[in-house]
Amino acid sequence: MLSWTVSGSYTHSNHQAIVFEIEDDEASSRPSTRQSCRWNARTLDADRFFAVVSGASVAPGTAEDMASSLIDVITGACDASMTKANPRRHREPGYWWTAEIADLRRSCLRACRLFQRSRGRKDEEARGANYASARRLLRAAIKTSKRRC
């Protein structure tokens, strides 16, 4: 921090604002090379994690270098002892899922949204009937598809 002052400006509060100036050095402005990643904690092999952490050491140096080294050790231990979590893993659709069912589901969800928005209005009954029929059609199509498959 380079300097700070108490502001005399009105802040609509019982407190006065403190204005400070921060030094912009190259270390804080460089882009981070680490990517955030998650691990699946259910697959933790505690013995392997302990072995990797106990065999590693953090080299002495500046606080930033030591913190970076510690993060590398912990990341390496997590990589060695757990599988990565994949938040974008998409499940395969059911054996009975078809394009027709997808269209019916889309129209059913739309009818549901319209019905919910019409609560308390004069077209509530019509939207409710429309949603009920869309839901019936979707359920019938799913049953038919499951029977066929």
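A search of the whole structure finds four salt bridges. The model is a predicted one, and this tour takes three of the bridges as early stops before moving to the core, the buried serines and the surface.

**Whole chain**

Start with the full chain coloured by secondary structure. There are five helices and two strands, and their order along the sequence is β-β-α-α-α-α-α. Of the 149 residues, 14% count as buried. The exposed area comes to about 12800 Å², and carbon and sulfur atoms account for 52% of it. Where contacts link residues at least 6 apart in sequence, 55% of them join residues at least 24 apart.

**Salt bridges**

Select arginine 106 and aspartate 103. Their side chains form a salt bridge with an N to O distance of 2.5 Å. The two residues are about one helical turn apart, because they sit three residues from each other in helix α4. Arginine 106 is exposed, since its relative accessible area of 54% is over the 50% cut-off. Aspartate 103, at 44%, is partly exposed.

Next, select arginine 48 and aspartate 45. Here too the side chains meet in a salt bridge, at 4.0 Å from N to O. Arginine 48 is partly exposed at 44% relative accessibility, and aspartate 45 is partly exposed at 31%.

Move on to aspartate 79 and lysine 84. This salt bridge has an N to O distance of 3.8 Å. Aspartate 79 has a relative accessible area of 40%, so the residue counts as partly exposed.

**Glycine 76**

From there, select glycine 76 in helix α3, which covers residues 63–81. Glycine 76 is partly exposed, with 30% relative accessible area. Add alanine 56 to the selection: the two residues are 20 apart along the chain, and their C-alpha atoms are separated by 9.8 Å.

**The nonpolar core**

Now select Trp96, Ile101, Leu104, Cys108, Ala111, Cys112, Phe115, Tyr131, Ala134, Leu138 and Ala141. These 11 residues make up the largest nonpolar core. Helices α4 (99–117) and α5 each supply at least two of the core residues. The largest share comes from α4, with six residues.

Within this set, centre the view on cysteine 108. Which residues does cysteine 108 contact, leaving aside neighbours within four places in sequence? They are Tyr131, Ala134, Arg135 and Leu138.

**Serine 145**

Follow helix α5 (residues 124–148) to serine 145. Is serine 145 buried or exposed? Its relative accessibility is 1%, so serine 145 counts as buried, the cut-off being under 20%. Show the residues around serine 145: apart from neighbours within four places in sequence, the contacts are Trp96, Thr98 and Ile101. Of these, Trp96 and Ile101 are also listed in the largest nonpolar core. A polar atom of the serine 145 side chain lies 2.5 Å from the backbone oxygen of tryptophan 96.

**Serine 7**

Go back towards the start of the chain and select serine 7, in the loop between β1 and β2. Although placed in a loop, serine 7 is buried, with a relative accessible area of 14%. One of the side-chain polar atoms of serine 7 is 3.1 Å from the backbone nitrogen of serine 9. Not counting residues up to four places away in sequence, serine 7 touches Gln16, Ala17 and Val19.

**The nonpolar surface patch**

For the last stop, display the molecular surface and select Trp4, Val6, Ile18, Phe20 and Ile22. Together these residues form a nonpolar patch on the surface, with about 570 Å² of accessible area. Strands β1 (3–6) and β2 (18–21) each provide at least two of the patch residues. Isoleucine 22 is found in the loop between β2 and α1 (26–29). With a relative accessibility of 59%, isoleucine 22 counts as exposed, because the value is over 50%.

Terms used
Residues are numbered from 1 along each chain as its sequence is written. This is a predicted model: local features need pLDDT of at least 70, side-chain atom pairs count only at pLDDT 80 or more; totals for chains, interfaces and linings use all residues. Side-chain values use heavy atoms; hydrogens and water are left out. Helices (H or I, at least four residues) and strands (E, at least two) are DSSP runs, numbered from the N terminus. Buried means under 20% relative accessible area, exposed over 50%, partly exposed in between (1.4 Å probe, protein chains only). A polar contact is a pair of N or O atoms within 3.5 Å; within protein, one must be able to donate a hydrogen and the other to accept it, and residues adjacent in sequence count only if both atoms are side-chain atoms. Contact means heavy atoms within 4.5 Å. Patches are made of residues with over 30% relative accessible area and no salt bridge: like charges are joined within 9 Å, nonpolar side chains (Val, Leu, Ile, Met, Phe, Trp, Tyr) within 5 Å. Accessible areas come from the Shrake-Rupley method with a 1.4 Å probe; for residues, only the protein chains shown count as cover. A nonpolar core is a set of buried Ala, Val, Leu, Ile, Met, Phe, Trp, Tyr and Cys residues joined through side-chain atoms within 4.5 Å.
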